[in-house]
Amino acid sequence: CWSPTRPSVFIVLDSTSRLYFFILLDKGNDGPVQVEHVDSSHVLQMDVGAANQGTPKQRTNLAVAFQSGHIQVHELKSKFSEPMSKEVDDIRSVIASWI
């Protein structure tokens, strides 16, 4: 999932219920900047969404759905949710270089 509030951040869920956090604009960081094991129960799906977008109280949430039917919602740290200056232009340049 791409962060709706920080364009260079994306999060990957693997089959062992681990979340991998990537920040594409971090120089010299080829891998995830953080890895979290969510829970011992199997995670079926995750999604990232923004609340209060464009306001001083803006935050980014990560929702995780488990096989048991439970859902957890986590507020992401500011390093994964608050955009840097010129981040949109910088990430466009990075993606264009891949094409």
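**Arg-6 and its partner**

I looked up Arg-6 to begin with. At 6% relative accessibility, Arg-6 counts as buried. The model is a predicted one, and I keep that in mind throughout.

What does the side chain of Arg-6 meet in a salt bridge? I found Glu-87, at 2.9 Å from N to O. The two ends sit in distant parts of the chain, 81 residues apart. Arg-6 belongs to the segment before E1, and Glu-87 belongs to helix H2. I then checked Glu-87 for cover. Glu-87 has a relative accessible area of 2%, so I note Glu-87 as buried too.

I add a general reminder here. Side chains of opposite charge can pair when their charged atoms come close.

**The other salt bridge**

How many salt bridges does the structure hold? I count two. Besides the pair above, I found Asp-89 with Arg-92. Their closest N and O atoms are 3.9 Å apart. Both residues lie in helix H2. They are three residues apart, so about one helical turn separates them.

I looked up their accessibility as well. Asp-89 is partly exposed, at 45%. Arg-92 is exposed, at 57% relative accessibility. The cut-off for exposed is over 50%, so Asp-89 falls short of it.

**The sheet**

Next I traced the strands. Three of them form an open sheet, and the order is E1-E2-E3. The pairing is antiparallel. Which strands stand at the edges? I noted E1 (9–13) and E3 (34–37). Each has a single partner strand, so one side of each is left without a neighbour in the sheet. From one strand to the next, the twist averages 20 degrees.

I went through the E1 and E2 pairing by itself. Strand E2 covers residues 18–23. E1 and E2 pair in the antiparallel sense over five bridges. I also looked at who faces whom. Val-12 stands opposite Tyr-20, which is in E2.

**The aromatic rings**

I searched the whole structure for aromatic pairs and got three. One of them joins Trp-2 and Phe-10. Their ring centres are 5.2 Å apart. Their planes stand at 50 degrees, so I list the pair as tilted.

Is the pair of Phe-10 and Phe-22 stacked or tilted? I found it stacked, with 10 degrees between the planes and 4.8 Å centre to centre. Phe-10 lies in strand E1 and Phe-22 in strand E2, so this pair ties together parts that are twelve residues apart in sequence.

Ring pairs link Trp-2, Phe-10 and Phe-22 into a cluster. I compared notes on cover for two members. Phe-22 is buried, with a relative accessible area of 18%. Trp-2 is partly exposed, at 47%.

**The nonpolar patch**

I met Trp-2 again at the surface. Which residues make the nonpolar surface patch of about 520 Å²? I wrote down Trp-2, Ile-95, Trp-98 and Ile-99. Trp-2 therefore has two entries in my notebook, one for the ring cluster and one for this patch.

I followed Ile-95 a little further. Ile-95 is found in helix H2, which runs over residues 87–98. At 32% relative accessibility, Ile-95 counts as partly exposed. Helix H2 thus comes up again in my notes: Glu-87 is in it, and so are Asp-89 and Arg-92.

Terms used: Residues numbered from 1 in each chain as written. Predicted model: local features only at pLDDT ≥ 70, side-chain atom pairs only at ≥ 80, totals over all residues. Heavy atoms only, no water. Pairing = 2+ DSSP bridges. Helix = DSSP H or I, 4+ residues; strand = E, 2+ residues; numbered from the N terminus. Axes fitted to C-alpha atoms, helices over the stretch in contact; angles between N-to-C directions. Phe/Tyr/Trp six-rings, centres within 6.5 Å; stacked < 30°, edge-to-face > 60°. Buried < 20%, exposed > 50% of the residue type's maximum accessible area, 1.4 Å probe, protein only. Patch = residues over 30% accessible without salt bridge, like charges linked within 9 Å, V, L, I, M, F, W, Y side chains within 5 Å. Areas by Shrake-Rupley, 256 points an atom, 1.4 Å probe, with all protein chains shown as cover. Salt bridge = Lys/Arg side-chain N within 4 Å of Asp/Glu carboxyl O.
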